[in-house]
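Hi everyone, thanks for making time for this. I'd like to walk you through one structure, a few side chains at a time, so please have a look at it first.

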Amino acid sequence: MSQFLHQRPLHSPLSDPYPVSPRNSISFQRPMSLLNRTTLLVLLTLLVLLGVILPWIGTPQFMFPNTTSSLAKWRDYTLSQAVSFVAKNGTVIVCAVSQPYLPFLQNWLISISRQKHQDKVLVIAEDYATLYKVNEKWPGHAVLVPPAPDSQTAHKFGSQGFFNFTSRRPRHLLHILELGYNVMYNDVDMVWLGDPFRYLKGNHDVYFTDDMAAVKPLNHSRDLPPPGKKGRTYICSCMIFMRPTDGAKLVMKKWIEELQAQPWSKAKKANDQPAFNWALNRTARQVDLYLLPQAAFPTGGLYFKNQTWVQETKGMHVIIHNNYITGFDKKIKRFRDFSLWLVDDHALESPLGRL
């Protein structure tokens, strides 16, 4: 429109090298006057037609881009489509995130970007706000598997909402395995200091980390540890790598069964980790399991509370888990105290940019 607004009239003396003489101007004004009336009538008719027809046929996309349709595209985006899009060399890195955890997602992504593995990350959004925000900034890297849990309660550790949120995890992972992909799962209250893929030696079915804070020898066994006082192991369900083998699928199916057998209740505020341990313990003779080295993958109860050990193993740490503490503010403060909160000064290193 601007190109027409700035054009001079057709017969402006400034634009016409042969201006019309005053005596002939009347003969030119009459047709122009008629033309203007005709043009106005045509425009009015078009406006009326548009006002009547457009509500029936819908506004063309090229005239007024429809935000709703782009949102609907992500609502219909499936897990199989998303995994196919992000996977690199048959591998995908997965996390599950609800809106309150977006700052932790940012922090985790910055650390992964520094190891050059961000392109294979898939965010399983547990609410639509997260789905839309991530795909707005990083198209195709978030998917929501319906139904979405209640985002208001999904982040409160020990709540039924948190249990519902975490208990969906083995179903997502099993689906990815059945699609034929290797899958690494991380909680987003983790920070990568190195490349974990260098530690995934051999062709084992399931790789995992110990959640116990007791110090192990550097050459500790890579077998599933013996059960603890509760009759099961204390393996962390927050860092898992699996190959698409029958053994890995069996563990996921057993994990789902254990969650169904031990539902959340007010008396027993369960989470998904005990069920994961029972699944490992009950399938150990059928599945090739591999315990990752403690020095590279320490639990938060060790890394943040035993500085003597941290100094002795300096340079060996690969993924740090900010667990053994609850509450967003407390986790962020602890990350800051240990110079592991990267969001404040390095947000642009994340694929999401600044949120």
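Let me start on the outside, with L40, V42, L43 and L46, which make up a nonpolar surface patch of about 370 Å². Keep in mind throughout that this is a predicted model. V42, one of the patch residues, belongs to helix α2, residues 25-57. Its relative accessibility is 46%, so V42 counts as partly exposed.

Now let's zoom out for a moment. The protein chain has 14 helices and nine strands. It has 355 residues, and 47% of them count as buried. The exposed surface of the protein chain is about 19,400 Å², with carbon and sulfur atoms supplying 57% of it. For those of you who like contact maps: among contacts in the protein chain with a separation of 6 or more, 73% are between residues 24 or more positions apart.

On to the aromatic residues. How many aromatic pairs does the count come to? The count comes to 17 aromatic pairs. As a reminder, a pair of aromatic rings is described by the distance of the centres and the angle of the planes.

Take F104 and W341. Their ring centres are 5.4 Å apart and the planes are at 70°; over 60 degrees counts as edge-to-face, so that is what we call this pair. F104 sits in helix α5 (residues 102-113), while W341 is in the loop between α13 (328-337) and α14 (343-346), so the pair ties together parts 237 residues apart in sequence. Is each of them buried or exposed? Both F104 and W341 are buried.

Compare that with W255 and F276. Here the ring centres are 4.6 Å apart and the planes are at 45°, so the pair is tilted. W255 is in helix α9 (residues 246-261) and F276 in helix α10 (residues 272-283), so to speak two distant parts of the chain, linked across 21 residues. W255 and F276 are both buried too.

If you go back to F104 and W341, you'll find them in one aromatic cluster together with Y101, Y303, F304, F328, F335 and F338.

Rings also have charged company here. R75 lies over the face of Y128, 4.2 Å from the ring centre. K120 lies over the face of F197, at 5.4 Å from the ring centre.

Let's return to helix α5, this time for Q106. With a relative accessibility of 3%, Q106 counts as buried. What does Q106 touch, leaving out residues up to four places away in sequence? The list is V343, A347, S350, L352, G353, R354 and L355.

Pick S350 from that list. S350 is in the segment after α14, and at 5% relative accessibility S350 counts as buried. Leaving out residues up to four places away in sequence, S350 touches Q106, L109, I110 and S113. S350 and L109 are 241 residues apart in sequence, yet 5.6 Å apart in space, C-alpha to C-alpha.

Last topic: salt bridges. The structure holds eleven of them. One joins the side chains of K331 and D189, at 2.7 Å from N to O. K331 is in helix α13 and D189 in the loop between β4 (182-186) and β5 (190-192), so that this pair links distant parts of the chain, 142 residues apart. K331 is buried, with a relative accessible area of 7%, and D189 counts as buried at 7% as well.

Another salt bridge is formed by E258 and R282, whose closest N and O atoms are 2.5 Å apart. E258 lies in helix α9 and R282 in helix α10, so this pair ties together parts 24 residues apart in sequence. E258 is buried, with a relative accessible area of 5%, whereas R282 is partly exposed, at 44%.

D337 and K333 form a salt bridge within one helix, α13. Their closest N and O atoms are 2.9 Å apart, and being four residues apart, they are separated by about one helical turn. K333 counts as exposed, at 53% relative accessibility.

Finally, R169, D187 and D272 are linked in a network of salt bridges. That's my tour, and I'm happy to go back to any part of it.

Technical notes. Residues are numbered from 1 along each chain as its sequence is written. This is a predicted model: local features need pLDDT of at least 70, side-chain atom pairs count only at pLDDT 80 or more; totals for chains, interfaces and linings use all residues. Side-chain values use heavy atoms; hydrogens and water are left out. Buried means under 20% relative accessible area, exposed over 50%, partly exposed in between (1.4 Å probe, protein chains only). Contact means heavy atoms within 4.5 Å. Accessible areas come from the Shrake-Rupley method with a 1.4 Å probe; for residues, only the protein chains shown count as cover. Rings of Phe, Tyr and Trp (its six-membered ring) pair if their centres lie within 6.5 Å; planes under 30 degrees apart count as stacked, over 60 as edge-to-face and the rest as tilted. A charge sits over a ring if NZ of Lys or CZ of Arg is within 6 Å of the ring centre and within 35 degrees of the ring normal. Patches are made of residues with over 30% relative accessible area and no salt bridge: like charges are joined within 9 Å, nonpolar side chains (Val, Leu, Ile, Met, Phe, Trp, Tyr) within 5 Å. A salt bridge is a side-chain nitrogen of Lys or Arg within 4 Å of a carboxyl oxygen of Asp or Glu.
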